[in-house]
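Got the viewer open? Let's take a walk through the charged pairs, with a quick look at the whole chain before that.

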Amino acid sequence: MTSSETGIKGCPSRLAPPDAPNTSDPAPFVRKVGPQSRLTLSVRGAKCGACLSRIEGAVTALPGVASARLNLSNGRLDAAWTGDLTAQRISAAVNDLGYGTAPLDTGSADQAHKKEEQSLLLAMGVAGFATANIMLLSVSVWGGAGEMGEATRQGLHAVSGLIALPTLLFSGQPFFRSAWNVLKRRRTNMDVPISLALILAFSVSVAETIRGGEHAYFDAACMLLFFLLIGRFLDARVRRQAYSAARGLAALSSRTVTRLACDGTSQSLRAQDIRRGDRILLAPGERAVVDMKIESGESEVDESLVTGESLPRFSAPGMSLMAGAINLSQPLIGRATAASADSLLADIARMLEAGEQKRSTYRRIADKAVSLYVPVVHSVALLTFLGWLLAGRDMREAILIAVSTLIITCPCALALAAPVVQVVAAGRLFRGGVYLKSGDALERIAACDHVIFDKTGTLTLGTPRLISEQLSPADLAVAAQLGRASRHPLSRALTAAAGPGPVATGVKEFPGLGLEGNVDGVTCRLGSAVWTGAGAVAHSGASLFLARGSDTLVEIRFEDDIQPEAAQAIAQLRRLGLGVEIVSGDRPGAVAAVAAKLGIETWMASASPHDKVRRLTELEAGGKRVLMIGDGLNDAGALALAHASAAPGGALDVSQSAADAVYAAGLAPLPLLVHTARRARAAMLQNFAFAAAYNFVAVPVAIIGYATPLVAAIAMSGSSLIVCLNAIRLNLNSEKPA
């Protein structure tokens, strides 16, 4: 048996990428995260809030399932469970509802969305072309009313029917296929009444043509289909464009990566074929595609995409490198700490996709209304039909009025009222540097009237800057030789100020004290005042002391600069009606200095995590709704308990997990976040008001017989378009917070 079969200690046993898993079997795609098993499925056919509730409910009902979240924007179903539940059973639970499932292939997901969009566009084009031609024939019938012979009129209707039949068979497939899939499982969805309305409108028109009637409604059937496809295409386009930035972020990573085999040979693989534990060679100029831990090599890396930090970071063996970082100078060899699907870039993409997953108050209202639609509208249509029969109308007229009622009552506008706004707002925020983690975050952020800021890393850059003007070049060079051997923020500031150079020999780092090493044969120390033998000094910023043998100690001072746009962002937040204060764990002098520069009167220093939560509780007890901004471990509790919260992109994972939104470096995205959330809330309310007004007017008009199937098709489709266009205004409007 060869070594490649048995494996070598410390090296993965496989030397080639695994065989492609069976795309119909979800089992190979299950990921283990602690005690939980997780699976991401691609769901086909889920279009409305009722679909979402039905699928999530079916999966959650399975034994051991901890969570099930379906994202309507991209058809992703994320499930987490414990116990012996199999992936096949989860897939079967969704399939039994009439929806298609397949393991999610992140590499081809965007292609699938593009293909769906293209097919909808083609179907819409065919329906539009047919509608235009049938309308021309209908105009001829209307224009010749009273003068046109019966044979001519019947011939024009027949030609219209010949155009409408293949159009319905081709362009109606998205609705017919979805309706059939649920009906054969004795269930229903919104596409069932839509399909029924299309079939009835066409059938009534055929009957009218055969009997020689004056009116046929082939134009109504095709126009209804055309407008329905416009709404569905716009919905698909809006959703895909809203998340195009997230896919662009993932595309920044290289498509291939160099893996080192146990015998030292290199192999170029796709990013998705990399597994945890693989050894990776990262050449200068390459971008890391997975999170990794460096085993050999030293280099400067650019992590601006990941953390927003503009200065390159010195990386050496033992340090971690996150996906998205660019290797700038020397080759690095590291071991993958996560697969591509679990890397930082993938986490950010999932964070964006989660923007619509958590249903908001408005979304839950819409979902409830849509879930009642099928039984209610069918009952209304049936009662309308029976009522007109009892009123003395003939079968033909009663059917036409019932069909018009069925068409005009489609709740597409209501179903789209909240989710389309959420998706458009999430897309606009992403382009502005904000990643939403839940849809209901928009509502809660819009309601906030007070902001609490942590200081370090939020109001300030979190990267100390050397300010010792009296420091000689020689002392700086010695201090930098020690500092290059450490990842401490002050050591990095020294390195940045001194530039590239040698590293002191025999450097030892004493946690909490400093560094000791040999420079030109002299033992030197760089560290705290106590450790180096200096007395305490009064300085609001940070200080290090350099001891060169028996020479006089040299003080090296640093300051943490305020974010360049902090003053402007705080002024904008105040103009939006929010109060501002600082609650920080830093020293009183440092906090007071920042507060004074930014004009913030209320601040608290030396605050423990408990103090931050207590201050938050006090404010909310006084009627305030607080937006918490923080990045550290001591902020996690306050981030989780605040009415809404946000964390910068460079924050700790636990802080980002606790926050409702993550924003890019700087504070400029925060006013945009609040402003967009308030506009999104207004757009949702406008959409609900319009949908309610539309149904209040349109349904009675259809029931009393004043709306033909053609008018009903135009009214229903127009209402959906208005809701979509109102949501798109969030993108088209260039308005920014003052």
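Start with the whole chain and its contacts: of those between residues at least 6 apart in sequence, 67% join residues at least 24 apart. Keep in mind that you're looking at a predicted model. Colour by secondary structure and you get 28 helices and 27 strands. Switch to a surface view: about 32,200 Å² is accessible, and 58% of that belongs to carbon and sulfur atoms. Of the 738 residues, 51% count as buried.

Now for the charges. Side chains of opposite charge can pair when their charged atoms come close. How many salt bridges does a search of the whole structure find? It finds twelve, and we'll stop at a few.

Select D278 and R259: their side chains form a salt bridge at 3.9 Å, N to O. R259 sits in strand 6 (residues 256-260), while D278 is in the loop between strand 7 (266-270) and strand 8 (279-282), 19 residues apart from its partner. Are these two buried or exposed? Both D278 and R259 are buried.

Next, pick E295 and R335, whose side chains meet at 2.8 Å, N to O. Because E295 is in strand 9 (residues 292-296) and R335 in strand 14 (residues 332-336), this salt bridge ties together parts 40 residues apart in sequence. E295 is partly exposed, at 37% relative accessible area.

Then jump to D561 and R465, a salt bridge of 2.6 Å, N to O. D561 belongs to strand 22 (residues 554-562) and R465 to strand 17 (residues 460-466), so parts 96 residues apart in sequence are tied together. D561 counts as partly exposed at 22% relative accessibility, and R465 does at 39%.

Last stop: select R279, E295 and R335 together, which salt bridges with shared partners join into one network.

Terms used:
Residues are numbered from 1 along each chain as its sequence is written. This is a predicted model: local features need pLDDT of at least 70, side-chain atom pairs count only at pLDDT 80 or more; totals for chains, interfaces and linings use all residues. Side-chain values use heavy atoms; hydrogens and water are left out. Helices (H or I, at least four residues) and strands (E, at least two) are DSSP runs, numbered from the N terminus. Buried means under 20% relative accessible area, exposed over 50%, partly exposed in between (1.4 Å probe, protein chains only). Contact means heavy atoms within 4.5 Å. Accessible areas come from the Shrake-Rupley method with a 1.4 Å probe; for residues, only the protein chains shown count as cover. A salt bridge is a side-chain nitrogen of Lys or Arg within 4 Å of a carboxyl oxygen of Asp or Glu.
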